[in-house]
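This report introduces a structure to a reader who has not met it before. Please keep the sequence and the 3D view at hand while reading.

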Amino acid sequence: MNARPEQLTAPTRLDAYRAPAWRVETVELDFELAIDSTEVTARLHLRRDPALPLPLRLDGENLELLSIALDGATLPPDMFRYTDNVLEVDGARDGSVLETRVRLRPATNTALEGLYLSGSAEAGFLLTQCEAEGFRHITFFPDRPDVQARYTVTLRADRDRFPVLLAGGNPDGAGVLDDGRHWARFVDPHPKPSYLFAVVAGRLQSIERDYVTADGRAVTLKIWSEADVIDRCDYAMDALERSMRWDEQTYGRNYDLDVFHVVATHDFNMGAMENKGLNIFNAKYLLADPDSSTDDEYRHVESVIAHEYFHNWSGNRVTCRDWFQLSLKEGLTVFREQSFAADMNSASLKRIEDVSLLRRAQFPEDAGPLAHPVRPAQYSEINNFYTATVYEKGAELVRMLAGCLGREGFRRGMDLYFARNDGHAATLEDFLGALGEANHTDLTPYLAWYGQAGTPRLQARGKYDAAAHTYALTLHQHTPATSGQPQKHALPIPVKLALFDGAGQMMILHMDGQTAKPQTECVVVLEADEQTFVFHDVPTAPVPSLLRGFSAPVILDCDYDATELALLLRHDPDGFNRWEASQQLATLAYVELRDGGASHALEAWLDALSALFAHNDIEPALLANLLTPPGEVEWAEREASVDPARIHALRQQLQRHLAERIGADALHQCYLVLAAEASLSLDAASQARRRLKQRVLELLCLADADTAQPLAATQYSSAPGMTDRLGALTVLLRSAAAQAPAALAHYRQRYDDNALALDKWFMAQAQVPGETALDRVSTLQRDASFTLKNPNRVQSLLGAFVRANPSGFHRADGAGYRFLAGQLVQLDALNPQVAARLATAFNGWQRLEPGRREAARTVIDGLADRDGLSRNLREIVANVRK
Ligand code: 0A1
Ligand code: ZN
């Protein structure tokens, strides 16, 4: 009675959305859990929409159907059909109860979707992953987010093998059975879509904390993990408590169950999952301790904990009508998470990190064959749409809306959105509608951002009239065509700006037709292809600081000269824009080096940064960022014919110039001062000093490797925590220091039984740039500790190599591409989701220089012509090839 293997499926289209003809009011699920074979009985209480006379059709993928009954009577074979992953049942009425029993095989589920085993059959535990369409791997169900049901879940299992039994919702009894087994029941009072369903069973330990919500509910918070890492969960618990308070204070949102469980697993395809009342986390984003986690990782744990918790409202209480609306929950929740992290740490540093990520991950996606709107019009495999565009660009769109409405207006709008859509499956129209209505404004022009792919180019040209004392700023927008979307329309683009005088002071702004009180910063909104904004009473020719705080996700092209950028870099009080000026100036310097022309920008950049370094009055983390030019991926985006090796060499040259201009002595002195205060403190100031120390050590290594390498070796061996240890190891590896092999061997031995720390051992080596990287990665791929079965290990070696090592992966002879294709084929047979994500590394091959382009084309064609690829990988390969 099995479904047939995967067929070529027609894409799902947004405009083909139809409300469900059948709903499920309540569902009772009984699990007889065991590693090799689990039986699931589901009783669905069905409701039928009388206006839609369609047969009952339920999703079910690769399920072994054991029995089926309708309204208490076993169904004869001619009353149901199970083909092509759909179960069609005759004779069901409004109010019918359908009971199915299926067998699952968790131990052989390497795709990590549905019910699967984490760890070994002897010691591991069982868990589920249902977003986006994993529930259909567990039972027959209308597996779509607009079907929301009340769940009662009963788990039965051997007591010794599965002492802990968990499901979402509130506990509703537990007990012992007479054959060495036990049971536990959970009832979730909140109707939820099937993708939020979860169970966990196994030998787990927990830490616990009592929490009382602002509206007076006593909640038990529990974080679960396997015994060996339970002492690394405390930081996550603190972060969870901070997140809960923040959502109460910032959005008035309270938690709504009596228990909140969080579970860590080493086997997970993504970062984490917001299952109702039972969040499941990739251990990488939950475990933290100073000996094995870097400062960056601590911040990631805090952010991901917050992200999943915030989903309880933006995603769970108000969910998505269909998967095209994915950004309704993801863009909004990323925005909420970013705001939280900005409040917890430094707002401008957080903004720098977020914009860097957007430029590194989303801009290339939006500029190549994988470009898609934040709300795509169609998909073949929904798991391929958990993209930087849906998440990161989606968050930027919410930020623009929030910026339009102001803090209080946005809160008013969010209150209305939650109140109106609570318990419902909503659309982006519902979201913009509520925000707009609560503020008596029409936000529908912003909907166009959700339907149009590609990053808009914003051109800015300023004209100062010395006689009239006016400054006319002309803004022009243009979005290049993307695959399937040749015509682009003008979008509303809010541009936050300030004008600086020659001494670096912000001017008071007087704008055409504006009567508001004078200020030094304002927002203009470009609503057409081109508009001119005129400022009056401008005493001298100004230097504009545009797109402050990155007020819209666009690529700015402004005819700044180097002197103007240097002025902003020296004087802009806004940390983000100061960094932005440094980035733009470094980019002009890169272009000068590339083209072998004058070096005005290079000189201006070096002068400004060496002066800032010498004055030593700037916040250390910001200084570290200012001293870091844009990454190789960002610069590749500017090129028509990309040669990653050359970009790498130019970037190194630029940094060497910087190191030499600051001077080896000054760098050395600065390093010694910072190294003297080495501590394990996690406060922002200590983290910032560690960050600057690392940057200074890297620069020193470029200016004077003989001095830097022994310092790095000492830092490695005396490091109080992972930030310093990994930082030192990276410097030794990248400069091919004589001390590198010993440090690597030591690290390997020390962290042999710590999976997350060992991941970083693989990653640090995979990221060492240059032609020899592939040989190293191939050797590591044969290491006894490497496995394609663990997504974190795959990301740490293969992901780091293909995504974060352009000069290594894009080897001129194409060997990197052939290596990746070979790995993809093996990986796809185990885990299609992870294979498909890795394959996106081919994105952008069309813009490579001709030699690499042909090599990549041959490999991609070969993959596309292969039989037996998963739907996930096939879709990415087909799209990337376009
Ligand atoms: N909703 C999760 C992301 C997620 C999506 C799919 C998954 O299946 C493998 C897992 C997690 C989030 O945004 O955190
Ligand atoms: Zn999310």
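Axes are lines fitted to C-alpha atoms, for helices over the stretch in contact, and angles run from 0 to 180 degrees between N-to-C directions. Helices (H or I, at least four residues) and strands (E, at least two) are DSSP runs, numbered from the N terminus. The model is predicted: local features need pLDDT of at least 70, side-chain atom pairs count only at pLDDT 80 or more, and totals for chains, interfaces and linings use all residues. Residues are numbered from 1 along each chain as its sequence is written.

The axes of helix α19 (residues 755-766) and helix α21 (residues 791-804) cross at roughly 10° and come within 8 Å. The two helices are therefore roughly parallel (angles under 35 degrees). Among the residues making this contact (C-beta atoms, placed from the backbone, within 7 Å) are Phe 762 and Met 763 of α19 and Leu 797 and Phe 801 of α21.

Of the 13 residues around ligand 1 (C-beta atom, placed from the backbone, within 6 Å), those that come nearest are Gln 129, Glu 131, Asn 269, Met 270 and Met 273. Strand β20 (272-273) and helix α2 (295-310) each supply at least two residues of this shell.

The table gives residue classes, where Ala, Val, Leu, Ile, Met, Phe, Trp, Tyr, Cys and Pro count as nonpolar, Asp, Glu, Lys and Arg as charged, and the others, Gly among them, as polar.

| Site | Nonpolar | Polar | Charged |
|---|---|---|---|
| Contact of α19 with α21 | 6 residues | 2 residues | 3 residues |
| Shell around ligand 1 | 4 residues | 5 residues | 4 residues |

Leaving aside its neighbours within four places in sequence, Ala 839 is in contact with Leu 824, Leu 873, Ile 876, Val 877 and Val 880.

Methods:
Chains lettered and ligands numbered in written order. Parallel < 35°, antiparallel > 145°, perpendicular 65-115°, else oblique. Contact = placed C-beta atoms within 7 Å.
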